[in-house]
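Dear colleague,

I am handing over the structure we spoke about, and I would be glad if you could look through it with the notes that follow beside you.

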Amino acid sequence: MRDTGLDEAQLRELVHRFYKKVRDDGTLGPIFADRISDWDPHMARMVDFWSSVALMTGRYHGAPVPAHTGLPVTRAHFDHWLMLFRETAREVCTPQGADHVISRAERIARSLHMAVQNAQAICPHAIPSLQ
């Protein structure tokens, strides 16, 4: 926290502002809207996730890979997600804080993209592709 300037309030603002952009986005919004009807629990889970990722609080207890492997997404979706995340992080965080969460988001996006690709390769007809 000392090196990045990040704290819980800033991460909460980052998550809420970012997902507002995602929900309003023409590409990503429909994917999320098809799967999330009650946003309050999802937002609380995402704040816990980013608190664990950025501040090492250990508050998140979930399994993000299985939750994402069935999504109809391609590399372009992950790139678009990262673009929105980078933009939001730079709006909300200090430069050091933005660099910190962006580097973690890039690793997370790579991991999730590989998991989705692997799932699609194993059973390509079970997961619709938007390519």
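**What was found**

L71 is buried, with a relative accessible area of 15%, and this residue is found in the loop between helix 4 and helix 5. Along the chain L71 and R35 are 36 residues apart, while their C-alpha atoms are separated by 9.4 Å. Please keep in mind throughout that this is a predicted model.

A second loop residue to look at is M56, which lies between helix 3 (39-55) and helix 4 (64-68). In general, most residues other than glycine have a negative phi. M56, although it is not a glycine, has a positive phi of about 60°. M56 is also exposed, with a relative accessible area of 69%, whereas L71 in its own loop is buried.

Helix 1 comes next, running over residues 8-24. Helix 1 has 17 residues and reaches 24 Å from its first C-alpha to its last, which is close to the 24 Å expected at 1.5 Å a residue. Its buried residues are Q10, L11, L14, V15, F18, Y19, K21 and V22. Seen down the axis of helix 1, these buried residues fall within an arc of 155°, so they line one face of the helix. The face of helix 1 that is turned away from the buried side carries the exposed residues A9 and D24. As general background, an α-helix has 3.6 residues a turn, so residues three or four places apart point the same way.

Helix 5, covering residues 75-92, has 18 residues, and from its first C-alpha to its last it reaches 26 Å, close to the 26 Å expected at 1.5 Å a residue. The residues buried in helix 5 are H77, F78, W81, L82, L84, F85, T88, A89 and V92. Viewed down the axis of helix 5, they fall within an arc of 165°, so here too the buried residues line one face of the helix. On the face of helix 5 turned away from that buried side are the exposed residues A76 and R90. Among the buried residues of helix 5, H77 has a relative accessible area of 11%. The C-alpha atoms of H77 and Q10 are separated by 25 Å, and these two residues are 67 residues apart along the chain.

How do helix 1 and helix 5 pack, and at what angle? They pack at an angle of about 140°, with their axes 9 Å apart, and that makes helix 1 oblique to helix 5. The crossing in which helix 1 passes helix 5 is right-handed. On the helix 1 side, Q10, E13, L14, R17, F18, Y19, K21 and V22 take part, and they meet W81, L84, F85, E87, T88, A89, E91 and V92 in helix 5.

Helix 1 also packs with helix 3, at an angle of about 130° and with the axes 9 Å apart. These two helices are therefore oblique to each other, and their crossing is right-handed. The contact is made by E8, L11, R12, V15, H16, Y19 and R23 of helix 1, together with W39, H42, M43, M46, V47, W50, S51, A54 and L55 of helix 3. Y19 of helix 1 thus appears in the contact with helix 3 and in the contact with helix 5, and Y19 is one of the buried residues of helix 1.

With best wishes

Conventions:
Residues numbered from 1 in each chain as written. Predicted model: local features only at pLDDT ≥ 70, side-chain atom pairs only at ≥ 80, totals over all residues. Heavy atoms only, no water. Helix = DSSP H or I, 4+ residues; strand = E, 2+ residues; numbered from the N terminus. Expected span 1.5 Å × (residues − 1). Buried < 20%, exposed > 50% of the residue type's maximum accessible area, 1.4 Å probe, protein only. Arc of directions from axis to C-beta. Axes fitted to C-alpha atoms, helices over the stretch in contact; angles between N-to-C directions. Parallel < 35°, antiparallel > 145°, perpendicular 65-115°, else oblique. Left-handed = near helix turned anticlockwise from the far one by under 90°. Contact = heavy atoms within 4.5 Å.
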